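Student: Please take a close look at a single part of this model, and then connect that part to the rest of the chain. I would like one continuous account, with the reasoning kept visible wherever a threshold decides the wording.

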Amino acid sequence: MTEKFADLHLHTVYSDGSSTPAEVVANARTFGFSAISIVDHDTIQGIPPALAECRAAGIEFVPGIELSSNDSGGTVHILGYGIDWRDKVFCEFLEEMRNNRLERMEKIFKKFQALGVTLDLSEFLLAGQQGTVGRLHLAHFLVGKGIVADLAEAFERYIGDGKPAYLPVDMLNPREAVEMIR
């Protein structure tokens with residue numbers, strides 16, 4: 001019996017990963033995986049290109065997602081596998097989530113302005129934030145702009161819970177997230 005390996009928890013540049021879908025599949029091929037799943041946070045944008053790359057590479061692909069939810073003030077990430085990523089209602093829901101995150105980011109940038117820190121939202125969005133935008137992306141941007149020395153400082157000084165530029169994000173509860181995945 002031949003051993004087979006899979007990685008069913010991969011992220012791309014469309015959420016908090018650093019590789020494109022094509023790079024993820026190339027790495028999977030290099031490491032000898034027979035199956036993978038892209039489970040980007042709150043987006044399916046990486047699925048179509050990864051699916052095409054997997055077909056060409058002979059790697060089984062499981063479409064997935066990692067939906068953010070909130071339970072008693074804490075974030076809970078719900079993984080969904082074998083999702084119907086073409087479902088109209090599901091796609092509309094994800095687009096609404098994306099728009100809500102963009103609106104949140106606009107408000108956070110205004111908070112920075114009020115703190116005397118001028119940031120360009122357009123520059124931030126052009127810096128590769130193709131899919132889901134969140135605080136981690138902003139923290140990387142702040143480091144890149146030299147405003148903070150590292151990610152920890154970004155959260156401790158500006159965007160961590162309760163900090164001056166923090167703004168909570170509206171999320172489903174875990175039960176709602178599971179139902180949306182179904």
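Tutor: Helices and strands are here DSSP runs numbered from the N terminus, where a helix is H or I over at least four residues and a strand is E over at least two. With that convention, and keeping in mind that the model is predicted, the part I would examine is Asp42, which sits in the loop between β2 and α2, the helix of residues 47–57. Although Asp42 belongs to a loop, its relative accessible area is 3%, and because the cut-off for buried is under 20%, Asp42 counts as buried. Its backbone deserves attention as well: most residues other than glycine have a negative phi, whereas the phi of Asp42 is positive, near 60°.

To place this loop, it helps to set out the chain around it. The chain has seven helices and five strands, which follow one another in the order β-α-β-α-β-β-β-α-α-α-α-α. The radius of gyration is 18 Å, close to the 16 Å that the globule rule gives for 182 residues, so the chain is as compact as a globular protein of that length. Along the principal axes, the C-alpha atoms fill a box of roughly 60 × 35 × 25 Å. Asp42 is one of the buried residues, and in the chain as a whole 41% of the 182 residues count as buried. The accessible surface comes to about 10,000 Å², with 50% of it belonging to carbon and sulfur atoms. As for charge, the mean positions of the 17 positive and 26 negative charges lie 3 Å apart. Contacts that bridge long stretches of sequence are well represented, since among those between residues at least 6 apart, 63% join residues at least 24 apart.

The strand on one side of the Asp42 loop, β2, is part of an open sheet of three strands whose order is β1-β2-β3 and whose pairing is parallel. In that sheet β1 (5–10) and β3 (60–61) stand at the edges with a single partner strand each, so one side of each is left without a neighbour in the sheet. Between β1 and β2, the latter spanning residues 33–38, there are four bridges in the parallel sense, and one of the matched positions is Ala6, whose bridge partner in β2 is Ala35.

A second strand arrangement offers a useful comparison for the backbone of Asp42. Strands β4 and β5 form a hairpin with two residues between them, and in its turn Ser72 also has a positive phi, of about 55°. Here the strands run antiparallel, with eight bridges joining β4 to β5, residues 74–81, and Ser68 has His77 as its bridge partner in β5. Strand β4, residues 64–71, is mostly covered, with six of its eight residues buried. Asn70 in this strand has a relative accessibility of 29% and, as buried requires under 20% and exposed over 50%, Asn70 is therefore partly exposed. Setting aside residues up to four places away in sequence, Asn70 touches Met171, Leu172, Asn173 and Pro174; Met171 is 101 residues from Asn70 in sequence, yet the two C-alpha atoms are 5.8 Å apart.

The helices supply further cases of burial. In α5, residues 135–144, the buried residues are His137, Leu138, Ala139, Phe141 and Leu142, and what covers them includes α3, α4 and α6 (151–159). An α-helix has 3.6 residues a turn, so residues three or four places apart point the same way. After α5 comes Gly146, which has a positive phi near 75°. In helix α6, Ala154 has a relative accessible area of 0% and is buried. Leaving aside neighbours within four places in sequence, Ala154 is in contact with Ala139, Leu142, Val148, Ile159 and Gly160. Ala154 and Ile78, for their part, are 76 residues apart along the chain and have C-alpha atoms separated by 26 Å.

One last loop residue completes the picture. Thr118 lies in the loop between α3 (88–114) and α4 (121–126) and, at 61% relative accessibility, counts as exposed, whereas Asp42, likewise in a loop, is buried. The C-alpha atoms of Thr118 and Ser18, which are 100 residues apart along the chain, are separated by 26 Å.

Definitions and conventions: Residues are numbered from 1 along each chain as its sequence is written. This is a predicted model: local features need pLDDT of at least 70, side-chain atom pairs count only at pLDDT 80 or more; totals for chains, interfaces and linings use all residues. Side-chain values use heavy atoms; hydrogens and water are left out. Buried means under 20% relative accessible area, exposed over 50%, partly exposed in between (1.4 Å probe, protein chains only). Two strands pair if DSSP finds at least two bridges between them. The radius of gyration is taken over C-alpha atoms; the globule rule is 2.2 Å times the number of residues to the power 0.38. Contact means heavy atoms within 4.5 Å. Accessible areas come from the Shrake-Rupley method with a 1.4 Å probe; for residues, only the protein chains shown count as cover. Lys and Arg count as positive and Asp and Glu as negative; His and the chain ends are not counted. The place of a charge is taken as NZ of Lys, CZ of Arg, CG of Asp or CD of Glu.
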